[in-house]
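The following exercises ask the reader to work through one molecular structure. Each task is followed by a solution in steps.

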Amino acid sequence: MQNGGGSLIQVRNLNVTYHSFGETKQAVRDVSFSLNSGETLGFLGESGSGKSTIGWAILGMIEPPHEASGEVVYNNFNVLAASEGKLRRYRWKEVAMIFQTAMNSLDPLVTIKKSFVQLLIGKGIADKEEGAVEIAVNLLRYVGLSPKVLDMYTFELSGGMRQRVSIALAIACNPKILIADEPTTALDTVNQFSVLANMRKLKEERKIDAMILITHDVEIQMIMADRIAITLKGRIVEEGSKEEMINDPKHPYTRLLLQSVTSANITKIEAATGNNVKFEDGKDGCPFLAQCPYAMPKCAESFPEPKAFSKTHTVYCYIY
Ligand SMILES: Nc1ncnc2c1ncn2[C@@H]1O[C@H](COP(=O)(O)OP(=O)(O)OP(=O)(O)O)[C@@H](O)[C@H]1O
Ligand SMILES: [Mg+2]
């Protein structure tokens, strides 16, 4: 189902700024979008464009000294303004995330069994270890792993196994929404396809209402996503149904991205010809300015207002 149901999450004017080692970095800039019931929404963009940060903000994981402003609203619940207690009831049970680096998200000091038991008892899904283990065995089987994995530590698992364990943990509390951040990037081709196949059946079999898929891999977005948002330097520059993006990409950056479909790796996009329009300090122009063959002086002045081409297709560019 594409865009079939109502909106489950509304993100409005999201800004995220990191403060690390005396430096300030605005990673997400005035981003707004909705996640609709039934869909898989893909975030596609080069490395550092803010994709993971958007995912963390939806889970309410941006903590001081870092700052998140704007709104992330789930069922009248404003995530960015919520107390830690309310967030604990929201994370994993309502919205769960498969983190980009499974190695980092799994506790290296405990067995996989302990990770499941802690999560399932902590979230009130099971009340005793026995029950938690039974649920864990079923989850592992579901993602194609033997129950033997329960007695293993993260470092004993292959990359593919770790990723499956992360998926099993993410769905353990029956979340309604799943955010998958580069779920297959670290895997070889065979494992990639089997993890993707696993994820495709989640919506039906595990009653996941909607999914956000973050990946810089154009081909995977083309297989998995119903709708795609293109990110660049913390901005969304275009958003549309997959068909609109394939058949009629509007933003010069999207066009450049989609040209690279064959190489399926847009991490390092070489600059297009460029138009030598220089950013003026303090101005808040288009993030593609320096590489855009169509750049005009006003592109350096301010970020364009959205221009809608259909109910689903929106572009932020002055050429239209
Ligand atoms: N904890 C942090 N402290 C400081 N800067 C950060 C932090 N996390 C991310 N950033 C910066 O914020 C920007 C966006 O990072 P983010 O990880 O969201 O991008 P991404 O699109 O997910 O990239 P990738 O495709 O490489 O995963 C980058 O410039 C990154 O260096
Ligand atoms: Mg990332």
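**Exercise 1. Identify the residues of the nonpolar surface patch and state their accessible area together.**

Solution. Step 1: apply the rule for patches, whose members have over 30% relative accessible area and no salt bridge, with like charges joined within 9 Å and nonpolar side chains (Val, Leu, Ile, Met, Phe, Trp, Tyr) joined within 5 Å. A salt bridge is a side-chain nitrogen of Lys or Arg within 4 Å of a carboxyl oxygen of Asp or Glu. Step 2: the patch consists of Tyr 294, Phe 309, Ile 319 and Tyr 320, which together have about 350 Å² of accessible area. Such areas come from the Shrake-Rupley method with a 1.4 Å probe, and for residues only the protein chains shown count as cover. Step 3: place Ile 319, which is found in the segment after strand 12 (314-315). Helices (H or I, at least four residues) and strands (E, at least two) are DSSP runs numbered from the N terminus. Step 4: Ile 319 has a relative accessible area of 33% and is partly exposed, the class between buried (under 20%) and exposed (over 50%), with a 1.4 Å probe and protein chains only.

The model is predicted: local features need pLDDT of at least 70, side-chain atom pairs count only at pLDDT 80 or more, and totals for chains, interfaces and linings use all residues. Residues are numbered from 1 along each chain as its sequence is written, chains are lettered from A and ligands numbered from 1 in the order in which they are written, and side-chain values use heavy atoms, with hydrogens and water left out.

**Exercise 2. Describe the surroundings of ligand 1.**

Solution. Step 1: 13 residues surround ligand 1, and Ser 47, Gly 48, Lys 51, Thr 53 and Gln 100 come nearest; a residue is near if one of its heavy atoms lies within 4 Å. Step 2: list polar contacts, pairs of N or O atoms within 3.5 Å. Oxygen atoms of ligand 1 lie 2.5 Å from a side-chain N or O atom of Ser 47, 3.2 Å from a polar backbone atom of Ser 49 and 2.9 Å from a side-chain N or O atom of Ser 52. Step 3: taken alone, ligand 1 exposes 640 Å², of which the protein buries 70%. Step 4: strand 1 (7-20), strand 2 (23-36) and helix 1 (51-58) each supply at least two shell residues, and helix 1 gives the most, with 3.

**Exercise 3. Which parts of the chain does the salt bridge between Glu 94 and Lys 176 tie together?**

Solution. Step 1: the closest N and O atoms of Glu 94 and Lys 176 are 3.1 Å apart. Step 2: Glu 94 lies in the loop between helix 2 (84-90) and strand 6 (95-98), and Lys 176 in the loop between helix 6 (159-171) and strand 7 (177-181), so the bridge ties together parts 82 residues apart in sequence. Step 3: Glu 94, at 21% relative accessible area, is partly exposed, as is Lys 176 at 34%.

**Exercise 4. Is Arg 235, which pairs with Asp 284, buried or exposed?**

Solution. Step 1: Arg 235 forms a salt bridge with Asp 284, the closest N and O atoms being 2.9 Å apart. Step 2: Arg 235 has 5% relative accessibility and counts as buried, whereas Asp 284, at 33%, counts as partly exposed. Step 3: salt bridges that share partners join Arg 29, Arg 235 and Asp 284 into one network.

Methods
Polar contact = N/O pair within 3.5 Å; in protein donor to acceptor, adjacent residues only side chain to side chain.
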